[in-house]
Each structure stands twice: as structure tokens, then as C-alpha cells.
Number of protein chains: 2
Amino acid sequence: MAHRQAQQRRPSIHDVASRAGVSAATVSKVMAGVATVKPENAQRVLDAVEHLGYRVDPLASDMRRAKRRIIGAIMPEFESEFFGQMVSQLESLAEQRGYTLVAASSRESEAREKEILARMHDWRVAGVVLAPVRNEHGPAAAFMKANGMTGVLIDRVLSDDAFDTVSADSASASAEVARELIGKRHRHILVIGLGEQAATVRARLDGFRATALKLAPDVRIDVVLAETDVEPLRAQLRDYFDRGEGGGERPTAVYSLFLKGTLVALSEFRRRGWHCPNDISLVGFDDAEWMQVTWPAIAAVVQPVRQIAGHAMEALFARIEGEEGPPTARLEPCKVLMRESVGSPGNVPHSGDRQ
Amino acid sequence: MAHRQAQQRRPSIHDVASRAGVSAATVSKVMAGVATVKPENAQRVLDAVEHLGYRVDPLASDMRRAKRRIIGAIMPEFESEFFGQMVSQLESLAEQRGYTLVAASSRESEAREKEILARMHDWRVAGVVLAPVRNEHGPAAAFMKANGMTGVLIDRVLSDDAFDTVSADSASASAEVARELIGKRHRHILVIGLGEQAATVRARLDGFRATALKLAPDVRIDVVLAETDVEPLRAQLRDYFDRGEGGGERPTAVYSLFLKGTLVALSEFRRRGWHCPNDISLVGFDDAEWMQVTWPAIAAVVQPVRQIAGHAMEALFARIEGEEGPPTARLEPCKVLMRESVGSPGNVPHSGDRQ
DNA sequence: ATGAAAGCGCTAACAT
DNA sequence: ATGTTAGCGCTTTCAT
């Protein structure tokens, strides 16, 4: 029966038009909320829409318009709280403006990142929120530039000559971590990180070092950086502590510049039977829900996800709507949550300490 | 200059066609890999494509075809490892088949879930992977049914009369947890969960209870279920322990049926100064990276994310390609990781125990 | 083997 | 205020 078939094929704007006894153009106007439609006709259209269950096909609609109401989001991964929250926020903000967010994970690969970007370009997305794997100088940003895409760079970036950037204020947060640690009389601190994330790591490291040295010129800061991946870092860290054990020198605190580093540090402490904060203190950049329920609770730098997402979208939509002007570089303030994993050295005897 | 403008507007199939001296139809065939094109012409097209940097617009392409090569994925949240991994997997699998995954978070709201579904229907997605907030009987699945959408239900589902389902084998995993706990001589166990996730919670609870009672008929199993949200559960749990303290009765182990419950339990233990496993044992459904680096490491049921994602996509594409037949209901086996948070009661004196 | 023509579902000029 | 026309970029008969 014709009725049943109509159920299968979705009603198009023409179905509505003929049912309402007007043209497709008028239906289009009603759907778009254009005021110049005779109220009576508008009502007929609305009735037909209601009856048929008609909904505009956003893709067909975009096809005709200039730009598509789609925002692309590219994150290095989806598995962590930080990027999960970020995607969730971005989705919500895009939706509020009538855009759809299409998110993709580069899985920490710059090659994939570029591929995804190319695909998003194929989709003719209106704009892109890119959280690059490495930094703002990677091939993905170059691709965006070369193809005149509009976009915003977030997280592992500082500033760029072509795109607006939004990221956590790593340097200030790290300075505060330094203040806290120095204030608690730590004078030998190990900082661990991933060299790949050059800009960010540098900001965090420099921010930390500058403040620590200013407050305590005699402080010793060791640095263990792995280039690309977490596993090498684990090995390097093990090696570092092995050497330290022999020489009788061991840092009293560790500052991890990224989340996985915090996990690696914890697991290395476990292996050695060290407990926080008695044997060693620990602070990590990037907070997670579990950090406040473990024993000890893990001190962490909380990144302002909502602010980053919010300002990124704000900047992006401004550009989409044609705003000119040099790219801006925003830094959003973090919160440092000092929890039980940080103590003062010497307050409690180190178990198994040879000094 | 004309050249610069050409940079702005992406080359269309017609640009390629005229440069190659053939028609758009021929270009289309070459791009689609149709064999009936004279090799010489095909080469000219390829050269033009190369020169112009032409890429097919997938949306325009889908516009003309019947179905769009887009898969929708709806998850209750993006913030947890489980769903993060799930989206990542699904994206990868969709991509392998030349589809794009559009993921959205229902943020644990059934209302939003249905809205998202409607939007995906507007997009005319080829199929949907839905991880419902509650279970397979929610309004979202009903919407899918009513609109003849093709889809697969995952995670918080058992089976459905209209859609294929894929989920973790909660019952078997819970039975194994029961075996472990009973084997370690626990005879008073608290199970906590969220009532909302009816089917899953029931499967986990029943699987646990049946096996526990079979192995130890004298076992006492208390159950604390909050209906909708995590905070009420926290309150109920606190209340439960308060009552227990007075009566001198306290479970020796807690089995949390979902991840946030595990966090709530841990934080409640903290508040009371109880340590695992000496004061109480803990196992949680759902594993997370941090659980193996904390002290104690937290025992957990590991859900087979890859298998769930893999079989979900398999089933979905089979349906998309027209496979008929009654809906299937898959259960994927879990792994139970017994870690340090589980011990035997009485082995070590309970600190602060009044018994 | 190839191209002309006809749309997919929609919107934006332009007439009326 | 409304309808007609002309596409967006692509694919697909259907002639040739």
C-alpha cells in the first residue's frame, strides 16, 4: 500500500509542500522561520510537517548552503578523562549553535592526524578543533594552513602564527607546584615528561624550574624525558632510580608533567615498595577522578577543561563567522590540588632509606 | 588571479573532467574503480586528480546514493576508559569499511538519547551503535524501531526482539567473582549497584548470588542499590555502614557492579579509615588503568571492549548489507583480575574492628 | 567505452 | 507573499 511505503521513504520537502498546497520554497521558508509567509499558509505547512513527521535533512540543506554546519574535533586519544570531558564539552557547545560535532582520535599518531584532517576537509567542515599529538608545528596544522581551513588549536600548544590557540597555563601551574614543593622543603626533585610534546613540556618544565630555583637556589632538579612513548619512560625511570639507589641519592619528590607519567611513577614506586608521601612525594599534571579516592590521594594539577573548550569554540565560531585579526593565544589558569601524596621530606623516616 | 581563487574553491568533479577532457560521469567511474574505462582516459583522469588535488566529496556522494556511509554511535558518557575505548574501537572499525563514525554522548539522559537518535535519523545514518543509558527497553530503542532504523544495542542490554545486542557476560563474570570471594572465605558480602541499569545489574547480581549461595549456603549477601545516580548511592552506602557499625556486623567484602560504585566504595573506606584488604575486600566490575598502580591494586572485572566493539560492528554491517533473520544476543566473556584489594577475612586483624 | 540527462533534498535569487 | 528556476557535487541510468 502506498501508505506503508511512505513510511519507508522519509517525507521530503516536496511531500510537505504538496500536502500543504504550497511550493517547496515556502516550506523551506517556514522551516527557516522566515517571517514573510502568510500565517495561514505557515500553519498549513506546520500541520503537514506534523502529520508527515517531516524533518529537514541537514546534509541536503548544507549541500546547498555555502558552509556545512559540522565541526570536526581531533583528539590524541579518547581513553582519558581529560579528552573525554573535552569531547563531551565540545559536542555540547557545537550542538548549542546548531552544529554537529564529528570527533576522531588520532591515537597519538601524527600521520593519522593528518589523514583525519584530510577527511574532514573532504567533509567541508566549517571548522576544526585540533588537539595535536605533538605541538602546533606538526603536519596537521600545516595541512590546515595550506588548505585554508579554519580551526583552533588546543592543549599541547602555546601559540601559532595562523590559528588561535587555547591551552592550560602550564607555566603558572608548574610554578605553583614548585612553590608548594619548595615550601615543603623538597630540595631534590625529579621531573618526568614526554619530550615529544615539546612546547607544553618546555613550558611546564621551565615554569617549574624558574620558580624552584628562585625560591631555593640550591635545589637540585633532575629531568627524565622520554621522547615518544610511555614505555621508554618507564625504563628510563627505573634506570634513574637504580643509579640513584647506588649513589645513595634519591629525590624526595617527583613532578610528572603528564597523566601517564603519574601512572608510571606510581607503578615504579610500587615495584620498589615506596609509599607516598613517606618515601617520596608525587604531584602530577592532569587530575583524574580516582586520584582523590586512593590512599594516599594523589596531588594533581587540574586543567580547566570547560574553559578551554568554551574559549576554543568561541574563537572558532568567531572565525567561522568571518572575524579577522591576528591569531590569539589563550592560556587558561589551572588549579593545583595538593593532596596526601605530597609531604615534607624527613618528617617521617624513609623506609629502606640508606642515607 | 584566477589561480589563487581556484585554491579557495575546491575542485569539483567537473574541474577534473574538463582538465582530463572527459565527462564527469567518466571521472566518477574512475574514482569508483569501475573497470570499463579506457586505460588511457583513466590515466588522464588520475593525472588531473593528482594535479588538482581533487577528492570526492563524501557527503555529495552519499546524497546521490541510497544510504549514507555514516555510522552513529551513542554512548552514555565519554569520560570513562570503557566508553572511550569503545568509541575509539568503533571509529576504527567504521573507518576500515569506509564509513565515518559520528559519536555523541547522551550524558546518562534518556531524553537526550532520544534526541540524538532523532538527529542521527535526520542525518540518514546507515546504522547506529547504541549503548543505552538504562536498558534495551528505553525510548531510544523504541524510536529506532518505529522509524525502521538499523542498529545494534551494546553494553547495558541483554537481548532484544528487534535489534542485535552485544554485551559483556556479566553473569558469568559475577559468578567467578563469587567463586573467588567464597573461596577466600568471605561469608558476608555487600553488593552495590545502580538499579537503573536493570538488566545488567540483575544479571550481575543474580550471577553472583546464585554461585555464592551454591558454594556457601550460609553466606550473607547484602545489597545496596541506588536508583538513578551515584550520589544517592554514596549516601545509602554511608548509611548502610553506619548501621552496621552499631550492630557490630560488617561485610568482609564489597562487590561493586559498576565503575563509579567502586570509586564510591573506595572513598567511603577512606572516610572510615578502612584499608583493603585488611579491613575489607573490594572487587569492582570494570577495570581501569589506575587500578593496577595504586596500593593496594584494585581487583576488577575486565570487560572485553574490543570483542564487544568488533561483534557489534560485524552485526551492524551485516544488517546494513541486508542480512535477515532474528536478532542475535551475544555475551562476550570477561576476565576477572584478582588483585591485592581482595584478601581473606580474619587473616589479619581488622584495625578498629570491634568484633 | 562514454556522455547527456536526471535527479538526491534542499535553498536562494529572482520574478511575479 | 509566493512560486519558478537553478543549482550544491555527485552518481546513475540510458542512449550512443
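**View 1. Chain A of this predicted model, split into its domains.** The domain assignment cuts chain A into domain 1 (13-56), domain 2 (68-167 + 304-332) and domain 3 (170-303). Note that domain 2 is written as two stretches of sequence, 68-167 and 304-332. Between the C-alpha centres of domain 1 and domain 3 of chain A there are 63 Å. A UniProt record (an unreviewed entry) also has something to say here, placing the feature "domain: HTH lacI-type" at residues 11-65 of chain A. Within residues 11-65 of chain A, helix makes up 69% of the chain and strand 0%. The end C-alpha atoms of that stretch sit 21 Å apart.

**View 2. How chains A and B are related.** Two copies of a chain are related by a rotation about an axis and a shift along it. Here, chain B lands on chain A after a turn of 180° with 0.0 Å of shift along the axis, and the RMSD is 0.1 Å. That is what a two-fold axis does. Look for B:Val102 if you want to find the axis from chain B: its C-alpha is 2.7 Å away, the closest approach of any residue in that chain. As for the contact between the copies, 100% of the interface residues of chain B are interface residues in chain A too, so the two copies meet through the same surface.

**View 3. The protein surface around DNA strand C.** There are 25 residues around DNA strand C, and the nearest of them are A:Ile13, A:Tyr54, A:Arg64, B:Asn41 and B:Arg64. Of the strand C atoms within 4 Å of the protein, 65% are sugar and phosphate. Sorted by type, the residues of this surface come out as 10 nonpolar, 8 polar and 7 charged.

**View 4. Phosphate contacts on DNA strand C.** Three residues of chain A are worth zooming in on. A:Ile13 uses its backbone: an N or O atom there is 2.4 Å from a phosphate oxygen of DNA strand C. A:Tyr54 uses its side chain, with an N or O atom 2.6 Å from a phosphate oxygen of the strand. A:Ser28 also brings in a polar side-chain atom, 2.8 Å from a phosphate oxygen of DNA strand C. Which elements give two or more residues to the surface near this strand? From chain A they are helix H2 (13-20), helix H3 (24-32) and helix H5 (58-64), and from chain B helix H3 (24-32) and helix H5 (58-64). H5 of chain A has the largest share, with 4 residues.

**View 5. The protein surface around DNA strand D.** Around DNA strand D there are 26 residues, with A:Lys38, A:Asn41, A:Arg64, B:Ile13 and B:Arg64 coming nearest. Sugar or phosphate makes up 62% of the strand D atoms within 4 Å of the protein, and bases make up the rest. By type, the surface residues are 10 nonpolar, 9 polar and 7 charged. At least two residues each come from H3 and H5 of chain A and from helix H2 (13-20), H3 and H5 of chain B. H5 of chain B gives the most, 4 residues.

**View 6. A base contact and a phosphate contact on DNA strand D.** What does A:Lys29 reach on DNA strand D? A polar atom of its side chain is 3.4 Å from a base oxygen. A:Thr26, on the other hand, goes to the backbone of the strand: an N or O atom of its side chain is 2.9 Å from a phosphate oxygen.

**View 7. B:Ser61, between DNA and protein partners.** B:Ser61 is part of helix H5 of chain B. A polar atom of its side chain is 3.3 Å from a phosphate oxygen of DNA strand D. The B:Ser61 side chain also makes a polar contact with the side chain of B:Arg69, at 2.8 Å. Leaving out residues up to four places away in sequence, B:Ser61 touches B:Val56 and B:Arg69.

**View 8. Backbone oddities in the loops of chain A.** Where do the cis peptide bonds of this view sit? One joins A:Cys276 to A:Pro277, with omega about -5°, and A:Pro277 is in the loop between helix H12 (259-272) and strand E9 (281-285). Another joins A:Trp295 to A:Pro296, with omega about 0°; A:Pro296 is in the loop between E9 and strand E10 (299-302). A:Arg124 is not a glycine, yet its phi is positive, about 55°. Find A:Arg124 in the loop between helix H7 (110-122) and strand E3 (125-130).

Notes
Residues numbered from 1 in each chain as written. Chains lettered and ligands numbered in written order. Predicted model: local features only at pLDDT ≥ 70, side-chain atom pairs only at ≥ 80, totals over all residues. Heavy atoms only, no water. Least-squares fit on C-alpha atoms with pLDDT ≥ 70 in both. Contact = heavy atoms within 4.5 Å. Near = heavy atom within 4 Å. Polar contact = N/O pair within 3.5 Å; in protein donor to acceptor, adjacent residues only side chain to side chain. Nonpolar A, V, L, I, M, F, W, Y, C, P; charged D, E, K, R; others polar. UniProt positions renumbered as here; feature names shortened; annotations may be inferred. Domains from an automatic or database assignment.
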